[in-house]
Amino acid sequence: MTGVTWHQGCPVSLDRLRLLQLSYWGFDHGVHHGELVVNESAAGSLAHAFRLLFAARFPIRRMQVVDDFGGDDERSMLADNTSAFNCRIVPGTAVWSQHAYGLAVDINPFENPEVSNGNVDPPAAAAWADRSRSSPAMIVHGDAAWRSFSAIGWTWGGDWKSLKDYQHFSANGL
């Protein structure tokens, strides 16, 4: 991760990050194995949330560390990659993303894009900004994904009042 998703100046040290190896149900209805890098303080609770997702058979397209995408968040999102740690600033600000602390997870970002002021990220997922669409991979308030993260005290970006970040769950609601 050094020099890719983690670098000097990141708000969390390397020794405070953990690699979770998780099973998940793929879009092909088969069991797959993926990896997430997360903050050590959240590792146990996130493992629990993903066990709940697995039990609910919630589909995930892929789950790879963002290093596999050269640390490029856009490339990871375009691949519909479920991810966690990436030492980066919130676009358009000088504020560290909760991903930079390993305290946020994005799930199926293509089916669950961020929508802000009419802009969709990733842009190629614009059709999925229409939340009247239906897919088992979409996250909606009260569904299995929402309940799994709510069970560990995390909140969903789809419940935010201003922008909607339908892929995003975080420990502190940011």
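Good morning. I begin with the largest pocket, which holds about 570 Å³ of space. Please bear in mind throughout that this is a predicted model.

The lining of this largest pocket comprises 24 residues. Nearest to its centre lie Val-90, Pro-91, Glu-114, Trp-160 and Asp-165. Three elements, namely helix H2 (73-78), strand E6 (114-116) and strand E7 (119-121), each contribute at least two residues to the lining. For those considering the chemical character of the wall, the lining divides into nine nonpolar, eight polar and seven charged residues.

I turn now to the second largest pocket, whose volume is about 170 Å³. Which residues line the second largest pocket? They are Trp-25, Gly-26, Phe-27, His-29, Arg-57, Pro-59, Arg-61, Glu-111, Trp-128, Ser-135, Pro-136 and Ala-137. By class, six of these are nonpolar, three are polar and three are charged.

Two of those lining residues, Glu-111 and Trp-128, bring me to Arg-131. Arg-131 sits in the loop between E7 and H3. Its side chain reaches the backbone oxygen of Trp-128 at 3.1 Å. A polar atom of the Arg-131 side chain also lies 3.0 Å from the backbone oxygen of Ile-139. Setting aside residues up to four places away in sequence, Arg-131 touches Glu-111, Asn-112, Pro-113, Met-138, Ile-139 and Tyr-166. As a point of orientation along the chain, Arg-131 and Gly-3 are 128 residues apart, and their C-alpha atoms are separated by 37 Å.

Let me return to helix H2, which I mentioned in connection with the largest pocket. Asp-73 is found in this helix. Is Asp-73 buried or exposed? Its relative accessibility is 17%, and it therefore counts as buried. Beyond its neighbours within four places in sequence, Asp-73 is in contact with Asn-86 and Arg-88.

A further polar residue deserves attention, namely Asn-81, in strand E4 (residues 81-82). Why does Asn-81 count as buried? It does so because its relative accessibility is 0%. The side chain of Asn-81 makes a polar contact with the side chain of Ser-76, at 3.0 Å. Apart from neighbours within four places in sequence, the contacts of Asn-81 are with Arg-62, Met-63, Gln-64, Phe-69, Ser-76, Asp-106 and Pro-109. Asn-81 can also be placed relative to Gly-26, a lining residue of the second largest pocket: the two are 55 residues apart in sequence, with a C-alpha to C-alpha distance of 12 Å.

Finally, I come to the nonpolar interior. The largest nonpolar core has 26 residues, and those with the most contacts inside it are Leu-46, Phe-50, Ile-107 and Phe-149. Strand E1 (17-25), strand E2 (31-39), helix H1 (43-55) and helix H3 (144-150) are the elements that give two or more residues to this core. Of these, H1 gives the most, with five residues.

Phe-149 illustrates how this core is connected. Leaving out its neighbours within four places in sequence, Phe-149 is in contact with Leu-46, Ala-49, Phe-50, Leu-53, Val-105, Ile-107, Trp-154 and Phe-169. There is also a second, separate core of nine residues, which includes Val-12, Leu-17, Phe-85 and Cys-87.

That concludes the presentation, and I welcome your questions.

How values were computed:
Residues numbered from 1 in each chain as written. Predicted model: local features only at pLDDT ≥ 70, side-chain atom pairs only at ≥ 80, totals over all residues. Heavy atoms only, no water. Core = buried A, V, L, I, M, F, W, Y, C linked by side-chain atoms within 4.5 Å. Buried < 20%, exposed > 50% of the residue type's maximum accessible area, 1.4 Å probe, protein only. Helix = DSSP H or I, 4+ residues; strand = E, 2+ residues; numbered from the N terminus. Contact = heavy atoms within 4.5 Å. 1 Å grid on protein atoms, 1.4 Å probe; cavity = no way out; pocket = protein on both sides within 12 Å on 5 of 7 lines; lining within 4 Å. Points joined across faces, edges and corners; volume = space filled by probe spheres on them. Nonpolar A, V, L, I, M, F, W, Y, C, P; charged D, E, K, R; others polar. Polar contact = N/O pair within 3.5 Å; in protein donor to acceptor, adjacent residues only side chain to side chain.
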